[in-house]
Amino acid sequence: YDAALTDLKDLEEELLKIATFYINKHENEFKAHEDPATAVDRLTVMRDLLECEYAYQDAKHEVLYCLYEIYDHSLDVAEQEKLAQAMTDLMAARPKLDFTVYYFTEAYAAEIV
């Protein structure tokens, strides 16, 4: 339970860092305009990030479910160990974000497919 709470706190911090990076990136681009209409909508950035993260976690859940079914029906102990390691690695996996792109949604989409 404590490990799950720590993992959640780490994920929250990572998501905040990602959102902050893209908010700062876009604010710096729009500073030259000095037009309030071009201001970055922080709530939209956070909503987009949470939606992407949900889709990413949901896709991992679907794959984990399939791997678990294979694990459950496997009779070979060595194969079960490989599957257990693959499931553990997948649970710990994070999307690979390219911070040079305009926005993070494409990177998340590439990880889901």
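Axes here are lines fitted to C-alpha atoms, for helices over the stretch in contact, and the angle between two of them runs from 0 to 180 degrees between N-to-C directions. With that in hand, the helices of this predicted model can be taken pair by pair.

Helix α2 is a good place to start. The axes of α2 and helix α3 (residues 77–92) come within 10 Å and cross at roughly 170°. Angles over 145 degrees count as roughly antiparallel, so α2 is roughly antiparallel to α3. On the α2 side, the contact is made by K60, V63, L64, L67, Y68, I70 and Y71. Helix α3 brings in Q80, L83, A84, M87, L90 and M91. Sorted by character, the residues of this contact come out as eleven nonpolar, one polar and one charged.

M91, one of the α3 residues in that contact, deserves a second look. Is M91 buried or exposed? With a relative accessible area of 53%, M91 counts as exposed, because the cut-off for that word is over 50%. Once its neighbours within four places in sequence are left aside, M91 is in contact with K60 and L64, and both of those α2 residues are buried. As for V113, that residue sits 22 residues from M91 in sequence and 17 Å from it in space, C-alpha to C-alpha.

Next comes the other partner, helix α4. Helix α2 (residues 42–73) and helix α4 (residues 105–112) pack at an angle of about 10°, and their axes are 9 Å apart. That angle makes α2 roughly parallel to α4. L49, C52, E53, A55, Y56 and A59 make the contact from α2, while T105, Y108, E111 and I112 make it from α4. Here the split is seven nonpolar, one polar and two charged residues.

Helix α2 itself has 32 residues and reaches 47 Å from its first C-alpha to its last, close to the 46 Å expected at 1.5 Å a residue. Its buried residues are V45, D48, L49, C52, E53, Y56, K60, L64 and L67. What covers them? The cover includes α1, α3 and α4.

The aromatic rings add another layer to the picture. A pair of aromatic rings is described by the distance of the centres and the angle of the planes. The model holds nine aromatic pairs. In one of them, the rings of Y56 and Y108 have their centres 6.1 Å apart and their planes at 85°, so this pair is edge-to-face. Y56 belongs to helix α2 and Y108 to helix α4, 52 residues apart, and the pair thus links distant parts of the chain. Both Y56 and Y108 are buried.

Y68 and Y71 make a stacked pair instead, with 6.4 Å centre to centre and 25° between the planes. These two tyrosines lie in helix α2, three residues apart, or about one turn of the helix. How open to the outside are they? Y68 is partly exposed, with a relative accessible area of 42%, and Y71 is partly exposed too, at 27%. Ring pairs also tie F21, Y22, Y56, F99, Y103, F104 and Y108 into a cluster.

That leaves helix α1 (residues 2–30). This helix has 29 residues and spans 42 Å from first C-alpha to last, close to the 42 Å expected at 1.5 Å a residue. L15, I18, A19, Y22, I23, K25 and H26 are its buried residues, and what covers them includes α2 and α4. One of them, K25, may catch the eye. Its relative accessible area is 19%, so K25 counts as buried, given that the word applies under 20%. Leaving aside its neighbours within four places in sequence, K25 is in contact with F99, T100, V101 and Y102.

Finally, V40 sits in the loop between α1 and α2. V40 is buried, with a relative accessible area of 16%. Which residues does V40 touch, leaving aside its neighbours within four places in sequence? The contacts are I23, H26, E27, F30 and V45. Of these, E27 is 13 residues from V40 in sequence and 6.2 Å from it in space, C-alpha to C-alpha.

Note on methods
Residues numbered from 1 in each chain as written. Predicted model: local features only at pLDDT ≥ 70, side-chain atom pairs only at ≥ 80, totals over all residues. Heavy atoms only, no water. Helix = DSSP H or I, 4+ residues; strand = E, 2+ residues; numbered from the N terminus. Parallel < 35°, antiparallel > 145°, perpendicular 65-115°, else oblique. Contact = heavy atoms within 4.5 Å. Nonpolar A, V, L, I, M, F, W, Y, C, P; charged D, E, K, R; others polar. Expected span 1.5 Å × (residues − 1). Buried < 20%, exposed > 50% of the residue type's maximum accessible area, 1.4 Å probe, protein only. Phe/Tyr/Trp six-rings, centres within 6.5 Å; stacked < 30°, edge-to-face > 60°.
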